[in-house]
Amino acid sequence: MSFWKRLLIGAVDTRSRAADLALAVPRVFAGLALCLSFGLSKMPVPSWFVEDVGNLGFPLPALLAWLAVLSEVVGGIFLACGLLTRPSGLAVVLTMLVAALLQKAGDPLWERLPSLFFLVVAWYSAVLGSGRYGLDAWLRRPAGR
């Protein structure tokens, strides 16, 4: 498999259906929860969210707010489906790092837990890939199979 293909749709070889299921269940749950409960609630991107991004000191707050929401919606769906799992996971990791460490910097741990949960699941997904239970596994199959 080429470098780019490994980077985009690769996965560790667990050789175990149980291990792949253990990777898939939190990935699917977190992806759906991120998209349906967090991402879609910010569509279209509300002005308060653009303001929050601007208040964090980021340039182009409207663009970055849209990218953050799209990483929650599209990244969440892609994680749930196991499609482009590694890049989707990375996008969610970056978004959740900002949410947990900057946007909610003064909040108690309890209020940071959702973003930390998504961060951890997305990190494992970005590193390990989708395993055999995801669309990436279908894309990894050799042509003609």
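The following is a conversation about a predicted model and the reasons behind the terms applied to its residues.

Colleague: Why is Ser 125 called buried?

Modeller: Ser 125, which is found in helix H6 (residues 109-128), has a relative accessible area of 6%, and buried means under 20%, so the residue is counted as buried. Leaving aside neighbours within four places in sequence, Ser 125 is in contact with Arg 27, Leu 79, Thr 85 and Arg 86.

Colleague: Why is Glu 111 called partly exposed?

Modeller: Glu 111 also has its place in helix H6, but its relative accessible area is 43%; because the term partly exposed covers values between 20% and 50%, that is the term Glu 111 receives. Between the C-alpha atoms of Glu 111 and Arg 6 there are 36 Å in space, with the two positions 105 residues apart in sequence.

Colleague: How do you know that the span of H6 is close to the expected one?

Modeller: H6 has 20 residues, and the expected span is 1.5 Å times one less than that number, which gives 28 Å, while the model reaches 27 Å from the first C-alpha to the last. Helix H6 nevertheless bends by about 35° at Ser 115, and after its end comes Gly 129, whose phi is positive, near 80°.

Colleague: Which helices do the buried residues of H6 pack against?

Modeller: They pack against helix H2 (17-39), helix H4 (61-81) and helix H5 (85-103). The buried residues of H6 include Arg 112, Ser 115, Phe 118, Leu 119 and Ala 126.

Colleague: What makes Ser 88 a buried residue, and what does its side chain reach?

Modeller: Ser 88, in helix H5, has a relative accessible area of 7%, and since the limit for buried is under 20%, Ser 88 qualifies as buried. The side chain of Ser 88 reaches the backbone oxygen of Leu 84 at 2.8 Å, a value that lies within the 3.5 Å used for a polar contact. Beyond four places in sequence, Ser 88 is in contact with Gly 75, Phe 78, Leu 79 and Leu 83.

Colleague: What is notable about the phi of Leu 84, and why is that residue called partly exposed?

Modeller: Leu 84 has a positive phi of about 50° although it is not a glycine, and its place is in the loop between H4 and H5. Its relative accessible area is 29%, and because this value falls between the 20% and 50% limits, Leu 84 is called partly exposed.

Colleague: Which residues make up the largest nonpolar core?

Modeller: That core has eleven residues, among them Ala 30, Leu 79, Val 93, Met 96 and Phe 118. H2, H5 and H6 each supply at least two residues of this core, and the largest share, four residues, comes from H6. Apart from this core lies another, of eight residues, including Cys 35, Val 45, Phe 49 and Val 69.

Colleague: How do you know that Asp 20 and Arg 132 form a salt bridge?

Modeller: The closest N and O atoms of Asp 20 and Arg 132 are 2.5 Å apart, and because a salt bridge requires such atoms within 4 Å, the pair meets the rule. The pair links distant parts of the chain, with Asp 20 in helix H2 and Arg 132 in the loop between H6 and helix H7 (135-140), 112 residues apart. At 3% relative accessibility Asp 20 counts as buried, whereas Arg 132, at 31%, counts as partly exposed.

Colleague: What makes Lys 42 and Glu 72 a salt bridge?

Modeller: Their closest N and O atoms are 2.8 Å apart, and since the limit is 4 Å, this pair is also counted as a salt bridge. Lys 42 lies in the loop between H2 and helix H3 (47-55) and Glu 72 in helix H4, 30 residues apart, and both residues are buried. That loop between H2 and H3 also holds Pro 44, which is joined to Met 43 by a cis peptide bond with omega at about -15°.

Colleague: Why is Arg 15 called exposed?

Modeller: Arg 15 has 72% relative accessibility, and because exposed means over 50%, Arg 15 counts as exposed. Arg 15 is found in the loop between helix H1 (3-9) and H2, has a positive phi of about 60° although it is not a glycine, and forms a salt bridge with Asp 13, with the closest N and O atoms 3.4 Å apart.

Notes:
Residues numbered from 1 in each chain as written. Predicted model: local features only at pLDDT ≥ 70, side-chain atom pairs only at ≥ 80, totals over all residues. Heavy atoms only, no water. Buried < 20%, exposed > 50% of the residue type's maximum accessible area, 1.4 Å probe, protein only. Contact = heavy atoms within 4.5 Å. Bend = angle between axes of the 7 residues up to and from the residue. Polar contact = N/O pair within 3.5 Å; in protein donor to acceptor, adjacent residues only side chain to side chain. Core = buried A, V, L, I, M, F, W, Y, C linked by side-chain atoms within 4.5 Å. Salt bridge = Lys/Arg side-chain N within 4 Å of Asp/Glu carboxyl O.
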